[in-house]
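Biologist: Could you take a close look at one part of this model for me, namely the salt bridge, and then set it beside a few other places in the chain? I am new to reading structures, so please go slowly.

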Amino acid sequence: MRTRDVFSAMNRQQTLAWLLLASAGLASVLLGRWLLAGGGGQADVLAPAWWLLLVGAFLFPRRDGKVVADERDRAIQAHGARAGYAALALMLVVVSVLAEDHADFVAARGGAWMGSFLVWLVCLSLSVHAAVMLWHYRHDRR
């Protein structure tokens, strides 16, 4: 099966879920590398990561005004949204518990680092959202 055949077999919501996973996942990787590895300056990673987040989260609408999405697509989107919100809540709880133990590390970081860290968590939750949607689409096909 060729790549073109695979993409032509997908509906619009599944294609948008792939694009969201690609953009949010790549933004997560870029931000995570900058935040956790500590290497490189701000300019080499932060600008592309912010653009990828902007494109993935806001420019790819997941709900259409047209009647293209059926009940199955809406249910799959709801599963993905619940998983993304649950992942974000879990990450925030874990980070808040760990921040207490590593107060010196957190205090040594600036405001830009802290803001980028929170955006990184949002990127990770968007990646979970898209991955759960794609898993449901794949599982639904079988």
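**A close look at the salt bridge**

Modeller: Please keep in mind that this is a predicted model. When the whole structure is searched, 1 salt bridge is found. It joins the side chains of Arg72 and Asp73, with 3.8 Å from N to O, and the cut-off for such a pair is 4 Å. Side chains of opposite charge can pair when their charged atoms come close. The two partners can then be looked at one by one: Asp73 counts as buried because its relative accessibility is 4%, which falls under the limit of 20%, while Arg72, with a relative accessible area of 35%, is partly exposed.

For a second buried residue, you may turn to Ser28, which is found in helix α2, the stretch of residues 12-37. Its relative accessibility is 7%, and therefore Ser28 counts as buried. If residues up to four places away in sequence are set aside, Ser28 touches Trp120, Cys123, Leu124 and Ser127.

The surface offers another kind of place to study, since Leu90, Val94 and Leu98 form a nonpolar patch there, and together these three residues have about 270 Å² of accessible area. One of them, Leu98, lies in helix α4, which spans residues 71-101, and Leu98 counts as partly exposed because its relative accessibility is 44%.

Definitions and conventions:
Residues are numbered from 1 along each chain as its sequence is written. This is a predicted model: local features need pLDDT of at least 70, side-chain atom pairs count only at pLDDT 80 or more; totals for chains, interfaces and linings use all residues. Side-chain values use heavy atoms; hydrogens and water are left out. Patches are made of residues with over 30% relative accessible area and no salt bridge: like charges are joined within 9 Å, nonpolar side chains (Val, Leu, Ile, Met, Phe, Trp, Tyr) within 5 Å. Accessible areas come from the Shrake-Rupley method with a 1.4 Å probe; for residues, only the protein chains shown count as cover. Helices (H or I, at least four residues) and strands (E, at least two) are DSSP runs, numbered from the N terminus. Buried means under 20% relative accessible area, exposed over 50%, partly exposed in between (1.4 Å probe, protein chains only). Contact means heavy atoms within 4.5 Å.
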